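Student: I'd like to walk through a model with you, taking the sheet before the side chains. Could you put it up?

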Amino acid sequence: MGNGGLKGFALKGPEDALFTVENQYFVDGARGIACDPAGNIFVASETKNCIYQIEKGMLFASTFAGHQGGFAGNVDGLRLQSQFNGPMGIAITAEGCMIICDSKNRAVKRITKDGVVETIASNLKSPPLDVVEDTTDGTFVITTQHGIVRCIPPEQRKGEEDPSYKLVAGLWGTSGCNIGMATEARFR
């Protein structure tokens with residue numbers, strides 16, 4: 001495999017290889033990255049439709065959640081039996097759960113501490129790209145492909161689109177680069 005002399009660590013085969021150059025890791029289709037308090041690194045792979053885990057001190061990655069064959073889908077359940085479609089941003093919450101922007105499914109999912117994947121917001125008008133937790137009240141803030149930032153408060157995590165999800169910044173369908181007050185701001 002023409003990898004330019006990079007040292008590789010295979011997951012199942014060359015198509016799933018994780019490469020390192022001077023202790024820098026590369027995962028195919030890497031879009032989001034998060035670290036838990038124990039020092040484990042999690043990487044969302046948009047192209048492999050899964051979440052990889054690099055355990056602290058280890059030099060290889062293993063599939064943490066999603067179908068190990070890379071198949072796209074929209075299936076909740078046990079983390080290794082679940083399916084994602086283009087996972088992007090991920091975050092570890094203060095409670096130790098993982099939040100995932102399942103972009104092509106237009107959903108936000110959670111992996112509980114027990115390893116169960118559940119949808120907490122779906123049918124979003126725009127694919128979610130990144131997520132962060134507001135630790136003051138547990139609100140999830142998501143950015144979307146259409147240049148807006150929205151909040152999903154804990155009491156509104158029902159698994160479906162709720163029109164009361166608060167718009168924080170941007171204007172639906174309007175991209176650009178403008179610094180200003182919340183709805184005057186524009187993002188690309």
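Student: OK, in strand 12, which residue is the bridge partner of V108?

Tutor: The bridge partner of V108 in strand 12 is A121. Before we go further, this is a predicted model, in which local features need pLDDT of at least 70 and side-chain atom pairs count only at pLDDT 80 or more, while totals for chains, interfaces and linings use all residues. Residues are numbered from 1 along each chain as its sequence is written, and side-chain values use heavy atoms, with hydrogens and water left out.

Student: How many bridges join strand 11 to strand 12, and how do the two run?

Tutor: Four bridges join them, and the two strands run antiparallel. Strands here are DSSP runs of E with at least two residues, helices are runs of H or I with at least four residues, and both are numbered from the N terminus; two strands pair if DSSP finds at least two bridges between them.

Student: What's the strand order in the whole sheet?

Tutor: The sheet is open and has five strands, in the order 8-12-11-10-9, with antiparallel pairing. Its edges are strand 8 (77–78) and strand 9 (87–92), each of which pairs on one side only.

Student: What holds strand 8 on, in terms of bridges?

Tutor: Strand 8 is joined by two bridges to strand 12 (residues 116–121), and the two run antiparallel; G77 stands opposite V117 in strand 12.

Student: And the other edge, how many residues of strand 9 are buried?

Tutor: Five of the six residues of strand 9 are buried, so this strand is largely enclosed by the rest of the structure. Buried means under 20% relative accessible area, exposed means over 50%, and partly exposed is in between, using a 1.4 Å probe and protein chains only. Strand 9 is joined to strand 10 by four antiparallel bridges, with I90 standing opposite I100.

Student: Which way do the residues of strand 11 point?

Tutor: A107, K109 and I111 point one way, V108 and R110 point the other way, and all are buried. In a regular strand the side chains alternate between the two faces of the sheet.

Student: What about the turns, which residue has a positive phi in the hairpin of strand 10 and strand 11?

Tutor: That residue is R106, with phi near 50 degrees, in a hairpin that has four residues between the strands. R106 is not a glycine, and at 33% relative accessibility it counts as partly exposed. Five bridges join strand 10 to strand 11, and one of the facing pairs is D102 opposite A107. In the hairpin of strand 11 and strand 12, G115 takes a positive phi near 85 degrees, and in the hairpin of strand 9 and strand 10, G96 takes one near 90 degrees.

Student: Where is N123, and is it buried or exposed?

Tutor: N123 is in the loop between strand 12 and strand 13 (128–134), and at 51% relative accessibility it counts as exposed. Like R106, N123 has a positive phi although it is not a glycine, in this case about 55 degrees.

Student: Switching to aromatics, how many aromatic pairs are there?

Tutor: The count comes to one aromatic pair, where rings of Phe, Tyr and Trp (its six-membered ring) pair if their centres lie within 6.5 Å, and planes under 30 degrees apart count as stacked, over 60 as edge-to-face and the rest as tilted. The rings are those of F42 and F64, with centres 4.9 Å apart and planes at 70 degrees, so the pair is edge-to-face. F42 lies in strand 5 (residues 41–45) and F64 in strand 7 (residues 62–65), so the pair ties together parts that are 22 residues apart in sequence. Both F42 and F64 are buried.

Student: What sits over the ring of F64?

Tutor: The charged end of R79 does, 4.3 Å from the ring centre; the rule asks for NZ of Lys or CZ of Arg within 6 Å of the ring centre and within 35 degrees of the ring normal.

Student: Last one, how many disulfides are there?

Tutor: The count comes to zero disulfides, a disulfide being a pair of cysteine sulfur atoms within 2.5 Å. C50 counts as buried at 2% relative accessibility, and C97 does too, at 8%.
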